[in-house]
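Visitor: I would like a close look at a single part of this model, with enough of the whole to place it.

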Amino acid sequence: MGLQSSPIILKIGLFLLIMAGLPAKAASLTIVDNDVLSQRSPYIPPQCYTNPKVSDNTTVNPCYACHTPSKRPNVLNDTDVQLVYGFPESVLHNPWENMFKDRRTAIAAIKDEDILTYVRQNNYFDEQGQITLVKRLAQQAPKFDANGNNQWDGYVPDSYFNIDQEGFDHAPDGSYTGWRSYAYYPLPGSFMPTNGSTDDVSIRLAPAFQHNSQGQFDLAIYKLNLAIVEAMIREQDVAIEPTDEQALGVDLDKDGQLAQARLIKYDWAPLEKRFMSYVGQAKQQLDSGKIHLAAKLFPEGTEFLHSVRYLDIDQNGQVAMAPRMKELRYARKTTWLNYYQWEVLVRAEIKERHDFPARTKKVRGSTEEGVGVAQGWVYQGFIEDKQGELRPQTYEEQVSCTGCHGGVGVMMDTNISFYRKLPQDSFQQGWYHWNQKSMAGTPEPKRQSDGEYEYSYYLKNNPTGDEFRSNHEVQQRFFDDQGQPKTDMFERLHKDISVLMQPSTERAIALNKAYKILVNEQSFILGKVPLLKPLDGVVFEDVFADQETGITEALNAF
């Protein structure tokens, strides 16, 4: 990763690594029975133990999709992970035992109609349309209470997935919950539905961003602030409805006058005295220093809600998002770190890896309040219990979130999906839920660095389209028996990403069955990737320190 370290910066960095992420009261959390680790590195995902060498002459590279030259202020630049298994010496043995279990007989024993009936049951709402987790967290609080106050202090789900034509969620009484759904290009690999799950993501900004200067909810103000956040994360102009800048006191289009604006002009270079601003109450808080604004960083109080779901088959025989959730994942930004502090974190990470090669990361948190990452976010999750009802994830299950959301080059302020939001010329400007419009007809995006089509580039370097070299359906769909690309299929992909994203109905049903077995076992801490056969020979059971992966050229995800 290449940065040089200084003792003062490193001391600050180590302090931030310890203290950032959770609110101050988390320091006194009581550890309950399930707030311990059965293995030392749940933050290293099973994908990272994959052997990319197919043969002596062939090596694939799924690793670059996550481990890549990064964008400011994330200076991790972890391309070295593509080339070497740089694990702590204490975790060279692969702890993800589910990767090697043969469940083909168990999968075959489940009837197709039974698994489809199961995934079509809604485990988020009860028969009255109320959120089941709200009741469960209230009624069974002592079961999940980590800090001993006899109540649930973590996130209480409050999205009704009642999405309007602008992507906003509404409560049963019609009021806005603040959540806004957006469509995005799935990250190449595990998050493509062909590899086992559908998912959706919503964003919510803190109340000040939803309020006008008088402190009242104002949808127009909220939409403008979301557009400003989008412009800052993407570092691009964002189109808006005609807006009176005079009433807001902000030159949104940066034309030097307060008139009518039709876009948020991205023009932020504080060292050159070029600034941007939020509007409404958020502007007041920005001016007073209570909140902050910077490129590639979300403001304090930003939340994300991410549901991971099974695969359903719709009335037209197409694979679609199932009502049943596998997981509900939540994130909240609690602390602001500036660019310098982000660099400090990386320097501290480099020093710790060098000085203590056997040391694993310490992740603070609990079942109840989630787990913190050093960049100032808290992550929390819910997952199916043995009966299929959502329950809070254990501490260990939540620690697995921190690998991708706390330490990879591709992330933007620990988030991945918002930077990948569909562009302005998409349906509803990209603000919609997948149930309103499927991926069908969504054109393939192009890479910034070289102009190549993104998913085509991924398949060129990883023909099975997953990190485990196991999705042979994708390989056979896009390559012939000699491994040569099928030109017609790639031409179709350029026009419609669903050609890659959607598995066959047979594969979708089988993947649902494979995951349901994990639910029955409740063996998520041994790996929760749905696999149709064991990965012997594909995933290493053991690696040695600084073992080379076999990849000789590091690639760029961007």
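Visitor: What percentage of the 558 residues of the chain count as buried? After that, please take helix H16 and describe which of its residues are buried and which are exposed.

Guide: This is a predicted model. Of the chain's 558 residues, 56% count as buried. The secondary structure comprises 18 helices and 13 strands. The chain has a radius of gyration of 23 Å, close to the 24 Å from the globule rule for 558 residues, so it is as compact as a globular protein of that length. Along the principal axes, the C-alpha trace spans about 65 × 60 × 60 Å. Counting contacts between residues at least 6 apart in sequence, 72% join residues at least 24 apart. The accessible surface is about 23,600 Å², and carbon and sulfur atoms account for 51% of that.

Helix H16 covers residues 487-495, and its buried residues are Met489, Phe490, Leu493 and His494. These four cover an arc of only 145° around the axis, which puts them on the same side of H16. The spacing fits a general rule: an α-helix has 3.6 residues a turn, so residues three or four places apart point the same way. Thr487, Asp488 and Lys495 lie on the other side of H16 and are exposed. As for partners, the buried residues of H16 pack against three helices: H14 (454-461), H15 (472-478) and H17 (498-501). In short, H16 has Met489, Phe490, Leu493 and His494 buried, while Thr487, Asp488 and Lys495 are exposed on the other side.

How values were computed:
Residues numbered from 1 in each chain as written. Predicted model: local features only at pLDDT ≥ 70, side-chain atom pairs only at ≥ 80, totals over all residues. Heavy atoms only, no water. Helix = DSSP H or I, 4+ residues; strand = E, 2+ residues; numbered from the N terminus. Rg over C-alpha atoms; globule rule 2.2 N^0.38 Å. Buried < 20%, exposed > 50% of the residue type's maximum accessible area, 1.4 Å probe, protein only. Contact = heavy atoms within 4.5 Å. Areas by Shrake-Rupley, 256 points an atom, 1.4 Å probe, with all protein chains shown as cover. Arc of directions from axis to C-beta.
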